[in-house]
Amino acid sequence: MVQILIRGSVDGNSPPEWLLVELQGEMMTRHNSGLAGNVMGDLLYTKEGVPVLIVGHHILYGKQVKLEKPFAVLTKHPGHSQDISDASQVAMETDQRESTSYSVSALLKRKLIFKTRPKPIITNVPKRV
């Protein structure tokens with residue numbers, strides 16, 4: 001039987017709650033460099049609590065729903081082999097088990113759904129072209 005150790009948090013506080021964002025279609029960058037580390041857009045809320053996502057010159061209206069089953073974001077912490085006394089002995093032994101633990105980094109309980117087509121933002125249209 002495999003046992004997986006999962007810690008609630010390192011400092012004893014509850015992990016932060018993140019929101020899952022669900023979009024219809026696909027997000028593409030101008031240079032096809034990927035979205036990792038880049039700003040996708042601005043997320044705002046109206047006075048009524050409706051989420052609004054502004055991406056470039058487009059605006060999307062969505063809604064917030066509760067997930068049926070919450071998700072946990074886990075961080076893997078590789079452990080060290082037990083009973084190690086000599087470095088040369090470690091290289092020769094391949095059957096030695098390492099203890100790996102996981103910690104909960106965040107919880108996902110709600111998601112934002114943007115399922116309507118984006119509307120263009122038009123601020124000022126010149127009368128003459």
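Two residues are in contact here when they have heavy atoms within 4.5 Å of each other. Keep that in mind for the tour below, which looks at a predicted model.

**The chain as a whole**

With that meaning of contact, take the pairs at least 6 apart in sequence: 70% of those contacts join residues at least 24 apart. The chain has 129 residues, and 15% of them are buried. Its accessible surface comes to about 11,200 Å², with 54% of that belonging to carbon and sulfur atoms.

As for secondary structure, you'll find 8 strands and 1 helix. Walk along the sequence and the pattern reads β-β-β-β-β-β-α-β-β.

**The sheet**

Let's start with an open sheet of 4 strands. Its strands come in the order 3-4-5-8, and the pairing is antiparallel. Strand 3 (42–45) and strand 8 (119–120) are the edge strands, each pairing on one side only. Elsewhere in the sheet, strand 4 pairs with strand 5 (residues 58–61) in the antiparallel sense, over 4 bridges. If you'd like a spot to look at, find Val 55, which stands opposite His 58 in strand 5.

Tyr 45 is a handy landmark in strand 3. With a relative accessible area of 42%, Tyr 45 is partly exposed, because that value falls between the 20% and 50% cut-offs. Setting aside neighbours within four places in sequence, Tyr 45 is in contact with Leu 19, Val 50, Pro 51, Gln 64 and Leu 112. Tyr 45 and Gly 62 are 17 residues apart in sequence, and their C-alpha atoms are 9.8 Å apart in space.

**The core**

Which residues make up the largest nonpolar core? There are 5 residues in all: Leu 53, Val 55, Leu 60, Leu 112 and Phe 114. Strand 4 (51–55) and strand 7 (101–114) each supply at least two residues of this core.

Leu 53 is a good place to zoom in. Leaving out residues up to four places away in sequence, Leu 53 touches two fellow core members, Leu 60 and Phe 114. The list of its contacts also includes Leu 23, Met 40, Asp 42, Leu 43, His 58 and Ile 59.

**The salt bridges**

Side chains of opposite charge can pair when their charged atoms come close. In this model the count comes to 2 salt bridges. Here they are:

| Salt bridge | N to O distance | Strands | Separation in sequence |
|---|---|---|---|
| Glu 17 and Arg 110 | 3.0 Å | strand 2 and strand 7 | 93 residues |
| Glu 22 and Lys 111 | 2.8 Å | strand 2 and strand 7 | 89 residues |

Take the Glu 17 pair to begin with. Glu 17 lies in strand 2 (residues 17–23), and its side chain makes a polar contact of 3.0 Å with the side chain of Arg 110. Are these two partners buried or partly exposed? Glu 17 is partly exposed, at 39% relative accessible area, and Arg 110 is partly exposed too, at 33%.

Glu 17 has other company from that stretch of the chain. Not counting residues up to four places away in sequence, Glu 17 touches Leu 107, Lys 109 and Arg 110. There is also Leu 108: it sits 91 residues from Glu 17 in sequence, yet the two are 5.8 Å apart in space, C-alpha to C-alpha.

Now for the other pair. Glu 22 lies in strand 2 and Lys 111 in strand 7, so their salt bridge ties together parts that are 89 residues apart in sequence. A polar contact of 2.8 Å joins the same two side chains. Is Lys 111 buried or exposed? Lys 111 is buried, with a relative accessible area of 18%, because buried means under 20%. Its partner Glu 22 counts as partly exposed, at 27% relative accessibility.

What else is Lys 111 in contact with, leaving aside its neighbours within four places in sequence? Besides Glu 22, the contacts are Leu 20, Lys 63, Gln 64, Val 65 and Leu 67. Gln 64 is a familiar name by now, as Tyr 45 in the sheet is in contact with Gln 64 as well.

**Putting it together**

Strand 7 turns up in both halves of this story: it supplies at least two residues of the core, and it also holds Arg 110 and Lys 111.

Methods:
Residues numbered from 1 in each chain as written. Predicted model: local features only at pLDDT ≥ 70, side-chain atom pairs only at ≥ 80, totals over all residues. Heavy atoms only, no water. Core = buried A, V, L, I, M, F, W, Y, C linked by side-chain atoms within 4.5 Å. Buried < 20%, exposed > 50% of the residue type's maximum accessible area, 1.4 Å probe, protein only. Polar contact = N/O pair within 3.5 Å; in protein donor to acceptor, adjacent residues only side chain to side chain. Areas by Shrake-Rupley, 256 points an atom, 1.4 Å probe, with all protein chains shown as cover. Salt bridge = Lys/Arg side-chain N within 4 Å of Asp/Glu carboxyl O. Pairing = 2+ DSSP bridges.
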